[in-house]
Amino acid sequence: MPTATADTASTVSHARTLTGLTELAGDAEAAERRFFIGAATYAVAHPIVVWPRADEEPKTIEEVAGIDESAVAEFACATGRTYQSGLGYLSAAKECATRLPRLWVRVLAGEVSVWRARLIADRTYCRNATVAEYVDARLAAYAHSCSFAQLDRTVAAAIAAHDPALAAEQAKAAADGRRVLIGTATTGVDGTVEMIATLDAADALDLDRALGQVAAELKAAGSEDSLEVRRSMALGELGRKQLALDFGAPSEEDPEPRNQRDLTLYVHLSQAAVEAGTGIGRLENTRIPVTLDQIKSWCGVAGTKVTVRPVLDTGSVRHTDAYEATPMIREAVILRDGTCVAPYCPRPARGGDLDHIDPFDHAHPARGGPTSTDNLAALCRRHHRLKTHHDWTYEPITTPDGRSYLWTLPSGSRYLRGPTGTTPLD
């Protein structure tokens with residue numbers, strides 16, 4: 001029968017596809033295992049150069065992991081990762097290879113997936129050696145199948161038995177997990193952000209009641225939005241106007257009242273765009289663009305203080321004879337670069353440093369690199385340090401995408417960092 005034949009052919013094709021995918025998954029896992037082993041070798045070969053004094057505990061993750069900062073940064077670039085991602089991977093690989101020997105043997109044999117080994121290593125590398133030994137002895141045999149809950153219980157037991165001070169600290173922190181997280185760094189084009197909160201039950205009931213009351217008042221005032229939208233609007237109203245405690249009075253240190261909305265806009269709009277009612281702006285405390293309509297709605301809220309800053313002409317060259325950049329020069333560089341200009345680094349320029357690409361000569365300023373927009377670039381503190389002390393070099397170049405930076409690392413690898421991202425050249 002034609003139908004039966006077609007069904008049989010489909011079943012065979014389906015089975016072949018699954019077989020092929022299974023083989024590809026095995027190949028991918030084998031490749032990941034080789035990569036993980038290589039990462040461990042690399043991490044062990046690059047111990048940290050500057051270790052804290054003997055009477056100090058390691059403070060940074062690099063110090064805890066014992067991996068050189070410059071080596072971590074080069075690994076991150078070579079594998080297309082951010083610095084933090086590269087550090088996390090190397091730390092887990094080194095932890096497995098040096099402090100979890102039973103688990104490491106099973107990883108080498110292909111009996112435990114890399115992702116499972118990383119889960120375990122991520123929970124032990126910041127603990128003392130006794131905790132790591134305890135976890136390794138009890139989990140290695142069934143690391144290929146243990147659940148997240150089993151893993152967490154084993155680590156908790158190890159900490160309780162062998163690091164009582166840390167156990168007490170964690171118990172104290174767990175006793176009060178209240179928090180409010182507002183994701184302003186990920187503002188959407190529609191102008192919304194997500195908020196996550198864990199509250200005391202009584203506080204939550206009070207807040208729920210207050211949101212319901214203000215939402216009802218908004219509806220009575222003519223709002224046609226849904227209840228959930230009005231409740232979200234009510235939360236903003238509470239933040240601006242409904243302060244129960246008298247914390248809003250101005251002071252010498254803080255002359256602005258707390259119940260005022262401060263809105264700082266960098267306007268990326270032509271006069272024609274403004275007149276047409278279309279265009280894009282950007283909030284000062286986020287890196288996400290917002291529409292002109294959304295800006296209008298924010299500005300229309302009573303009690304809003306609006307500061308509008310036109311974007312400086314970032315193509316013009318500004319300079320000063322001093323080492324420190326003037327506020328206008330700093331602003332121009334920050335707005336031009338947006339983030340740290342090192343390969344794959346996403347850190348905002350506003351929170352970082354301005355680096356003299358051609359170093360400033362403090363003894364003879366006229367001979368060294370000038371403090372000017374064409375000789376300055378935004379670097380986060382880490383990449384500024386690598387450029388200054390670890391032979392990371394770069395130069396600005398002009399590409400079709402705009403101003404870009406050609407980086408050369410100590411290993412000789414080169415990367416082009418531009419407005420659209422990072423491109424490895426070797």
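1. About 40 Å³ of space lies in the second largest cavity of this predicted model. Its lining is made up of Arg116, Leu119, Ile120, Ala143, Cys146, Ser147, Phe148 and Leu151. Sorted by class, that lining has six nonpolar residues, one polar residue and one charged residue. Helix 6 (114-124) and helix 8 (148-162) each contribute at least two of the lining residues. Of the elements involved, helix 6 gives the most, with three residues.

2. Helix 6 and helix 8 are also linked by a side-chain contact. Aspartate 152 and arginine 123 form a salt bridge, with an N to O distance of 2.7 Å. Aspartate 152 belongs to helix 8 and arginine 123 to helix 6, and the two residues are 29 apart, so the pair links distant parts of the chain. Aspartate 152 has a relative accessibility of 38% and therefore counts as partly exposed. Arginine 123 is partly exposed as well, because its relative accessible area is 23%.

3. How many cavities of 30 Å³ or more does the structure hold? There are two cavities of that volume. The largest has a volume of about 50 Å³. Ala73, Ala76, Cys77, Arg81, Thr82, Tyr83, Pro343, Tyr344, Cys345 and His383 line the largest cavity. Seven of these lining residues are nonpolar, two are polar and one is charged. Helix 3 (residues 69-78) supplies the largest share of the lining, namely three residues.

4. Tyrosine 344, one of the residues lining the largest cavity, deserves a check of its backbone. Most residues other than glycine have a negative phi. The phi of tyrosine 344 is near 65 degrees, a positive value in a residue other than glycine. Tyrosine 344 sits in the loop between helix 14 (327-337) and strand 8 (353-356). With a relative accessible area of 21%, tyrosine 344 is classed as partly exposed, because buried means under 20%.

5. A second residue to check in this way is aspartate 391. Its phi is also positive, near 65 degrees, and aspartate 391 is not a glycine. Aspartate 391 is placed in the loop between helix 15 (381-389) and strand 11 (393-399). Is aspartate 391 buried or exposed? Aspartate 391 counts as exposed, because its relative accessibility is 61% and the cut-off for exposed is over 50%.

6. Helix 14 has a set of buried residues: Ile329, Glu331, Ala332, Val333, Ile334, Leu335 and Asp337. The helix is followed by glycine 338, which has a positive phi, near 80 degrees. At the end of the helix, the side chains of arginine 336 and aspartate 337 meet in a salt bridge with an N to O distance of 3.0 Å. Aspartate 337 has a relative accessible area of 16% and is therefore buried, since buried means under 20%.

7. Side chains of opposite charge can pair when their charged atoms come close. The count of salt bridges in the model comes to 12. One of them joins the side chains of glutamate 69 and arginine 382, at 3.5 Å from N to O. This pair also links distant parts of the chain: glutamate 69 is in helix 3 and arginine 382 is in helix 15, and 313 residues separate them. Both glutamate 69 and arginine 382 are buried.

8. Which residues do salt bridges with shared partners join into one network? The network consists of Glu69, Arg382 and Arg385. Helix 3, which holds glutamate 69, is also the helix that gives three residues to the lining of the largest cavity.

9. The last point concerns the surface. Val180, Ile182, Val193, Met195 and Leu199 form a nonpolar patch there, and together they have about 400 Å² of accessible area. Methionine 195, a member of the patch, is located in strand 2 (residues 195-198). Why does methionine 195 count as partly exposed? Its relative accessible area is 40%, and partly exposed means between the 20% limit for buried and the 50% limit for exposed.

Notes:
Residues are numbered from 1 along each chain as its sequence is written. This is a predicted model: local features need pLDDT of at least 70, side-chain atom pairs count only at pLDDT 80 or more; totals for chains, interfaces and linings use all residues. Side-chain values use heavy atoms; hydrogens and water are left out. Patches are made of residues with over 30% relative accessible area and no salt bridge: like charges are joined within 9 Å, nonpolar side chains (Val, Leu, Ile, Met, Phe, Trp, Tyr) within 5 Å. Accessible areas come from the Shrake-Rupley method with a 1.4 Å probe; for residues, only the protein chains shown count as cover. A salt bridge is a side-chain nitrogen of Lys or Arg within 4 Å of a carboxyl oxygen of Asp or Glu. Helices (H or I, at least four residues) and strands (E, at least two) are DSSP runs, numbered from the N terminus. Buried means under 20% relative accessible area, exposed over 50%, partly exposed in between (1.4 Å probe, protein chains only). On a 1 Å grid over the protein atoms alone, a cavity is a set of points where a 1.4 Å probe fits but cannot get out, and a pocket is an open set with protein on both sides within 12 Å along at least five of seven lines; lining residues have an atom within 4 Å of a point. Grid points are joined across faces, edges and corners, and a volume is the space filled by probe spheres set on the points. Ala, Val, Leu, Ile, Met, Phe, Trp, Tyr, Cys and Pro count as nonpolar, Asp, Glu, Lys and Arg as charged, and the others, Gly among them, as polar.
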